[in-house]
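Got your viewer open? Let's take a walk through this model, one selection after another.

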Amino acid sequence: MTDKKTPKHVAIIMDGNGRWAQQRNKKRTFGHKAGVEKTREIVEACAEKHIQSLTLFAFSSENWARPEEEVSYLMELFILALKREVRMLNKNNVQLKFIGNIAGFSSKLQKSITDAQTQTINNDGLQLNIAANYGGRWDIVNAANQASLNLAPDELLSEEVLEAELTTKELPTLDLMIRTGGEKRISNFLIWQAAYAELYFSDKLWPDFDSTELDKALEEYGDRQRRYGKTGEQISHETE
Ligand code: IPE
Ligand code: IPE
Ligand code: MG
């Protein structure tokens with residue numbers, strides 16, 4: 001891996017917890033619990049590999065539509081995991097940040113989020129972004145609203161101005177988006193940011209996705225040629 005290019009910013013749609021549990025004749029919530037364990041392993045692996053930024057899709061703006069029992073289990077799990085994992089984050093020099101409409105969560109969960117963010121604020125290794133109550137369309141509309149507040153009367157929005165208001169504004173450009181669980185869709189994740197990201201789909205269900213699987217994705221990323229509209233020959237000349 002050493003002489004291959006490494007992505008600066010990786011995003012993961014952690015999908016397949018429910019099916020993983022159902023395959024074991026357990027409730028879907030059992031899969032979410034196993035999913036948290038895997039999240040820890042992947043965060044530690046990314047920190048070790050000196051990836052700058054990792055954005056994980058934990059709860060989408062559409063996931064509220066799930067059965068009440070599953071949603072409330074997830075909320076409790078987030079509170080528990082935030083409390084438990086701060087030590088691991090500090091040990092690995094990881095700075096935690098939430099992106100998403102956090103105001104939509106209970107005040108208890110909002111407090112857990114703020115506390116965990118504060119406790120890791122001085123870490124300068126991996127930047128871990130948890131997308132919770134996140135929707136790509138929400139991110140864009142929110143950014144457009146924010147940006148329009150600062151526009152002169154006849155000024156139109158530009159890509160740069162809008163981008164500077166997205167929740168990812170302080171992060172490196174998204175290089176690689178991974179989705180586990182076999183589905184081949186973006187499900188309203190970082191839709192703007194994924195415009196030129198490399199996409200990687202794994203059939204592994206999230207609780208089965210380990211650091212070896214992550215290595216496969218990084219390996220494949222290293223072999224891809226990112227052309228940004230140019231020809232392959234142009235890119236080969238540039239990198240010679
Ligand atoms: C992803 O796993 C986790 C969340 C959406 C919170 P799923 O719960 O969607 O698992 P499947 O897709 O039903 O197997
Ligand atoms: C996307 O997974 C959201 C997260 C992983 C948090 P879903 O399982 O909710 O996606 P769809 O509904 O199958 O597209
Ligand atoms: Mg799913």
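**Stop one: the ligand and its neighbours.** Keep in mind that this is a predicted model. Select ligand 1 and show the residues around it: Met14, Asp15, Gly16, Asn17, Gly18, Arg19, Arg28, His32, Ala58, Asn63, Arg66 and Leu74. Try colouring this shell by class, and you'll get three nonpolar, five polar and four charged residues.

**Stop two: three polar neighbours.** Which side chain has an N or O atom 2.8 Å from an oxygen atom of ligand 1? Click on Asp15, and there it is. Next, go to Gly18, but look at the backbone this time: one of its N or O atoms lies 2.9 Å from a ligand 1 oxygen. Then pick Arg19, where a polar side-chain atom lies 2.7 Å from an oxygen atom of ligand 1. Now switch on a surface for the protein. On its own, ligand 1 has 380 Å² of accessible area, and the protein covers 87% of that.

**Stop three: the helices beside the ligand.** Switch to a cartoon view and highlight helix 1 (17–23) and helix 2 (28–48). Each of them supplies at least two residues of the shell around ligand 1. Which element gives the largest share of that shell? Helix 1 does, with three residues.

**Stop four: the largest pocket.** Zoom out a little, and you'll see where the ligand is: ligand 1 sits in the largest pocket. This pocket has a volume of about 910 Å³. It is lined by 43 residues, and the ones closest to its centre are Met14, Phe57, Ala58, Phe59 and Phe78, so select those five. You may recognise Met14 and Ala58, since both are also among the residues around ligand 1.

Now colour the elements that give two or more residues to the lining: helix 1, helix 2, strand 2 (53–60), helix 3 (68–91), strand 3 (95–99), helix 4 (107–119) and strand 4 (127–134). Here helix 3 has the largest share, with eight residues. By class, the lining divides into 23 nonpolar, ten polar and ten charged residues.

**Last stop: the second largest pocket.** Move along the chain and select Glu163, Thr173, Leu174, Trp192 and Gln193. Of the 15 residues that line the second largest pocket, these lie nearest its centre. The volume here is about 250 Å³. How do the lining residues divide by class? Colour them once more and you'll find nine nonpolar, four polar and two charged.

Definitions and conventions. Residues numbered from 1 in each chain as written. Chains lettered and ligands numbered in written order. Predicted model: local features only at pLDDT ≥ 70, side-chain atom pairs only at ≥ 80, totals over all residues. Heavy atoms only, no water. Near = heavy atom within 4 Å. Polar contact = N/O pair within 3.5 Å; in protein donor to acceptor, adjacent residues only side chain to side chain. Areas by Shrake-Rupley, 256 points an atom, 1.4 Å probe, with all protein chains shown as cover. 1 Å grid on protein atoms, 1.4 Å probe; cavity = no way out; pocket = protein on both sides within 12 Å on 5 of 7 lines; lining within 4 Å. Sits in = over half its atoms within 2 Å of the grid points. Helix = DSSP H or I, 4+ residues; strand = E, 2+ residues; numbered from the N terminus. Nonpolar A, V, L, I, M, F, W, Y, C, P; charged D, E, K, R; others polar. Points joined across faces, edges and corners; volume = space filled by probe spheres on them.
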